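Work through the following exercises with the sequence and the coordinates side by side. Each task is followed by a solution that proceeds step by step.

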Amino acid sequence: MRADALSLVLSGLRGRPLRAWLTVLGVVIGVAAVVSLIAVSQGLKHAIGAQFERFGTNRIEVMPRGFAPPGTLKGLTVRDVERLDALPEFEYAVPYLLGRAVLEYKGEVSGGNIMGFPLEYRKQLRDDFGIDIARGQGFGDATSDAVVLGDLAAKELFESEMRIGDNLLVAGRKLHIIGVMEPFGNPEDDYSIMLPMDVAREALGDEQGVSLIDLKLKKGVSSAAGAESVQRALDRTHPSEDYQVLTAEQLQEQFNSLLGVVQAIIVGIAGISLVVGGVGIMNAMFTAVLDRTREIGVMKAVGASPRSIAILFLMEAAIVAAAGGLLGVGLGFGIALLIQAIAAASGFGLLTVTMEPWLVILGIGFAMLTGVLSGALPARQAAALQPVEALRA
Amino acid sequence: MPPVIELRDVWKTYRMSGVEVHALRGLSLTVEQGEFLSLRGPSGSGKSTAMHLIGCLDLPSRGKVLLKGKDIAQLPESSLARIRGKTIGFVFQQFNLIPTLSALDNVCLPMLFQGVSREKREQRGRSLLERMSLSDRLRHLPAELSGGQLQRVAIARALANDPEVILADEPTGNLDSATGKSVLELIGNLHREDGKTIILVTHDQEIARYAKREEYILDGRLR
C-alpha cells in the first residue's frame, strides 16, 4: 500500500507541476539558508580554532589596551619587556614593533605594515610560533638587512610580485628579500613584512615603544598564573592598566562565546525562513484539500478509509518537503562554498567549509519535520470530509 | 439469507439556512440479490439521496439502512469505507475519474485501497478495460477520452473489486443518446452475464425501462 500510495501521490504532483515546484522552492530557500549559514559559521569556528592552535597554549601576549589597529597604540616600552623577561614564570619575552612604513620596490612606492622583532629570537620564531617559510629562507642565519614577506604582501603590494633576492627599500633603507612566509589565512598577518627590530625602530622613528610582547610560559606554569604574574610586574609602572594580557584560552573562550551568540542569531533567522517554508507547505496542502475535495469524495466512494486519505496527504507534504530538503542542502552547501571562495579571494583563506554529514541529516530532517507538521492539519481535514459532501463539491 | 439492500422507513433531513428539508420521508425498499432495479423520479424526489444511503456515502436521519442484514448506522467509518470499496461499485453521471491518473490507474484505484498487489491490480484492470473495448486507451488521461470512453472507464472501475451491487446514478446524463444506449447495454450485461445486483437511478422513463423492476420515487418515498 505504501509504495502504491507513493506512486499515486507522485502522479498527483506531476499533474500540478508548477504548484508543486513553487511549494518545494519555499522549503529549498529555508533549508539552504539554515545549511549555508551553519556551514559557514562552523567553518569560522574551525578557522578561529586553527588560529589559536598556531598561537599555542603556552603563550601569553601583552599589548596596549584599546580598540585600534595593531601598532597604532602606544604605552608599553622596552623597560616593560626587561621586567617581564626577568619573571621566573617565563622562558623569554619577545617584543614586537608594528607600524606602517613607506616601501619602495623597483622604483614603485607604496605603504605597508612592517613588524620588527629582535633577530636574536629568530630560532624561537620558527620553533615556538610555527612561522613556516614557503619560498626562500627564514631568519635562520640572516644578516641584519634581511626581510621576510607575508604571502599577500609579496603578491599584492606592488604592480609586480616581489621576488626573493631583490631589494626592498623600507623608509629609505635598502633591505634584502630572503623569503616568503606560508599564508596564515588572514589578511592582517599575510600583509605583514617582518624585519629586524633596529630597522623597524629607524623606519618608524620609535626608540623605546613596543606594540606587542610575546611571552613563553615555562613548563608546568598555567597561563592564568602567568597572566597574574604579568599583572603584578606591570602594576607599578602602569597603574592605570593601559595594557591587556591575553592568554590563548581566554581569547578562545571569548571568541567562542561571541561566535555562539552570532551562531544562535543566524540559525534563528534561518529557522524563521524554514518556518515560512512550512507555512507555504501548509497553505499549499490546504489549497490542495479544497481543490481536490471532489477527488477525495471519489476516493472515499471507491473505498478509501480516512486513514488512507490522511496518509496520502501526509505523504504529499513529506515528498514536497524531502525534495525541498535535498535541493536545499545542495544549494546551501553551494552558497557556503561560494562564501568560502569570496573569503579566500579577500585573504581569509583560513575559512574552510566542510560538508558535514550531520548537517545534511539536519537539513533534510528539519525539512521533513516541517513538512509532516504542516501537512498534518490539512491531512486531518481531508480525512474527516463527509463522502457525500465531498462528492457534491 | 437477508436481502442485499433493505431500507426501513428511512428519513433524511437536511438543514438548509435554518429550514429543515426532508429529502426522504419514510422510504422503504427491499432489493434482493441479482435484481436489476430502476429508481425513477423527478429532480428533488430524493432518488440521489436514496442512492447515497444505499452506497454508504451518507447515513439516515431516521429509520434503518441494512446491507446484507447489517445496519450501516452502527458501523464505523473505516468499515463503511471497506463496504464502499468491496461490496458496492459506483457509476456517476459526472464520471468522477481522477484527472491526474491514467485510465488504467483509475480502474486500479479501488483495488489499491483494498491492498491488492500491483501485479494483480494491473492484470485485472487491463482485462476490465479490454472488456470495455478500451485496450488501446490504458495510458490515456481522462482529459484525452470522450464521454462514452470516460463512462466505460468508470464502469470498469466500478467492477474492480467485483462488488455485489452496482449503483448507477444517471449514468447516461452526460452522454448523447447513442453513446448512452451503449452504456446502458453494458450495464445490462453486468446484470445478465455477471449476475450483479444493479440499481439504476434516473429521471427518464425510457432509461428506467432497461431494468427488470421499476420503482417510482416522489417526495421522498416510493409511489
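Chain B has an average pLDDT of 91, and 100% of its residues score at least 70. The model is a predicted one, and its scores are ipTM 0.92 and pTM 0.72.

**Exercise 1. The contact between the chains**

Determine how many residues each chain gives to the contact, and which helix of chain A gives the most to the side that touches chain B.

Solution. Begin with the totals: 21 residues of chain A and 25 residues of chain B take part in the contact. Next, assign the residues of chain A to their elements, which shows that α1 (2-14), α10 (293-301), α11 (306-345) and α13 (387-392) each supply at least two residues of the side that touches chain B. Among the contributions, that of α1(A) is the greatest, with five residues. Finally, sort this side of chain A by residue type, which gives ten nonpolar, six polar and five charged residues.

**Exercise 2. The surroundings of B:Leu24**

Decide whether B:Leu24 counts as buried or exposed, and identify the residues beyond its sequence neighbours with which B:Leu24 is in contact.

Solution. First place the residue: B:Leu24 belongs to strand β2 (residues 19-31) of chain B. Then count its neighbours; B:Leu24 has 25 C-beta neighbours inside 10 Å and therefore counts as buried, since the cut-off for a buried residue is 20 or more. Setting aside neighbours within four places in sequence, the contacts of B:Leu24 are B:Val10, B:Trp11, B:Lys12, B:Gly46, B:Thr49, B:Ala50 and B:Gly220. For B:Ala50, which lies 26 residues away along the chain, the C-alpha separation from B:Leu24 is 7.5 Å.

The strand can now be set in its sheet. This is an open sheet of four strands in chain B, ordered β2-β1-β4-β5 and paired in the antiparallel sense. Because β2 and β5 (70-71) of chain B have a single partner strand each, they stand at the edges, and one side of each is left without a neighbour in the sheet. The antiparallel pairing of β2(B) with strand β1 (residues 5-16) of chain B runs over ten bridges, and in this pairing B:Thr13 stands opposite B:His22.

**Exercise 3. One helix and the strands it packs against**

Find the buried residues of helix α7 (residues 197-204) of chain A, and explain why they line one face of the helix.

Solution. The buried residues of α7(A) are A:Met197, A:Val199, A:Ala200, A:Ala203 and A:Leu204. Viewed down the axis of α7(A), these buried residues fall within an arc of 160°, so they line one face of the helix. The spacing can be read against a general rule: an α-helix has 3.6 residues a turn, so residues three or four places apart point the same way. The next step is to find what this face meets, and the buried residues of α7(A) pack against β3 (90-105), β4 (108-117), β7 (167-170), β8 (173-181) and β9 (192-196) of chain A. Just after α7(A), A:Gly205 adopts a positive phi of about 60°.

**Exercise 4. Strand partners of β9(A) and β8(A)**

Establish which strands pair with β9(A), and in which sense, then do the same for β8(A).

Solution. Take β9(A) to begin with, where five of its five residues are buried. Its pairing with β4(A) is parallel and comprises five bridges, with A:Asn113 opposite A:Ser192. With strand β6 (residues 146-149) of chain A, β9(A) is antiparallel over two bridges, and here A:Val148 has A:Met194 as its bridge partner.

Turning to β8(A), strand β5 (residues 133-136) of chain A pairs with β8(A) in the antiparallel sense through three bridges, where A:Ile133 faces A:Met181. The four bridges between β6(A) and β8(A) are parallel, with A:Ala146 opposite A:His176, whereas the four bridges between β7(A) and β8(A) are antiparallel. In the latter pairing, A:Asn167 stands opposite A:His176. In the hairpin of β7(A) and β8(A), two residues lie between the strands, and A:Ala171 takes a positive phi near 50°.

**Exercise 5. The nonpolar cores**

Which residues have the most contacts inside the largest nonpolar core, and which element supplies its largest share?

Solution. The largest nonpolar core holds 128 residues, and A:Val31, A:Phe313 and B:Ile199 have the most contacts inside it. Its largest share comes from α11(A), with 16 residues. A second, separate core of 54 residues includes A:Met115, A:Ile177, A:Leu195 and A:Leu234.

Terms used: Residues are numbered from 1 along each chain as its sequence is written. Chains are lettered from A and ligands numbered from 1 in the order in which they are written. This is a predicted model: local features need pLDDT of at least 70, side-chain atom pairs count only at pLDDT 80 or more; totals for chains, interfaces and linings use all residues. Two residues are in contact if their C-beta atoms, placed from the backbone, lie within 7 Å. Ala, Val, Leu, Ile, Met, Phe, Trp, Tyr, Cys and Pro count as nonpolar, Asp, Glu, Lys and Arg as charged, and the others, Gly among them, as polar. A residue is buried if 20 or more other C-beta atoms lie within 10 Å of its own, exposed if 12 or fewer, and partly exposed in between; C-beta atoms are placed from the backbone. pLDDT is the predictor's confidence in each residue, from 0 to 100. The arc is that of the directions from the helix axis to the C-beta atoms. Two strands pair if DSSP finds at least two bridges between them. A nonpolar core is a set of buried Ala, Val, Leu, Ile, Met, Phe, Trp, Tyr and Cys residues joined through C-beta atoms within 7 Å.
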